[in-house]
Amino acid sequence: MDSSRFLKCLSNISTKPLHVLDASKSYSKYIPLDLSANSAQFSSFYFSSSEKLGNYIGTFIKMHKAFAAYGGYLEKRTIYKRSTHFNTLNLDNSERNIHLGIDFWCPVNTAVYTPLKATVHSFCNNSNYGDYGPTIILKHTLFEFEFYTLYGHLSLSSIKHLKVGQVFKAGDQIGSLGSMGENGDYPPHLHFQIIKNLQGWVGDYPGVCNIKDLSFFKSNCPDPNLLLKINCSVKDKI
């Protein structure tokens, strides 16, 4: 798949913003949130527990009278240090700490939608500490391109009756956000990621990479903002 043509395809799918949360909520009701290691708006103190992080994010959203907070594409984060899961795949012990999707922080049970027509490729409860929890991967075919979108940190009920090959129309609800007890131990949020090549993964795909592999993953998992067109561009943090 030609990378430049694929990026252009993503950008040209719609001239209007697309949504993975309630489409009636304008992106003007979303507030950017920087959780990177060098964030000026954030203290690493809040990473010491999910409750503290959740209280911080909830207060941040209320303070800005927002529907949701969002951000995180290519952010280098310290939160992943709390779980060994992020380094189990690395033979050289390099730290996986660069985030490959956009996070949308909002209350538990918030509905999640597909922005495009899709079929269910796979799903799984990735239940490791610090992992995605319930996860859905959808397959999309547009123009000559086949690609995937991943939705992580969902509720267990989101995958209870799901079937591989199930068809969703653009705008259909596919699930809802899970609680800390079922979503990998995070404050409720959606991890949304675009993937060109799943590389054989089923129900899961890395959402965090190390600096050594960044070039590949940046190409294979392009900025979701190309598709969603959020009204504040997400900048590379690397």
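Start with the outer face of helix H2 and select Asn55, Lys62 and Met63: these exposed residues (over 50% relative accessible area, 1.4 Å probe, protein chains only) lie on the face turned away from the buried side of H2. This is a predicted model, in which local features need pLDDT of at least 70 and side-chain atom pairs count only at pLDDT 80 or more, while totals for chains, interfaces and linings use all residues. Residues are numbered from 1 along each chain as its sequence is written, and side-chain values use heavy atoms, with hydrogens and water left out.

Next, select residues 50-63, the whole of H2. Helices here are DSSP runs of H or I with at least four residues, strands are runs of E with at least two, and both are numbered from the N terminus. H2 has 14 residues and reaches 20 Å from its first C-alpha to its last, close to the 20 Å expected at 1.5 Å a residue (1.5 Å times one less than the number of residues).

Now pick Ser50, Leu53, Tyr56, Ile57, Phe60 and Ile61, the buried residues of H2 (buried means under 20% relative accessible area). They cover an arc of only 130 degrees around the axis, which puts them on the same side of H2; the arc is taken from the directions from the helix axis to the C-beta atoms.

Add strands S1 (30-32), S2 (68-71) and S4 (102-105), which are among what covers those buried residues (contact means heavy atoms within 4.5 Å). Just after H2, go to lysine 65, where phi is positive, at about 50 degrees.

Finish at cysteine 221, which is buried at a relative accessible area of 0%.
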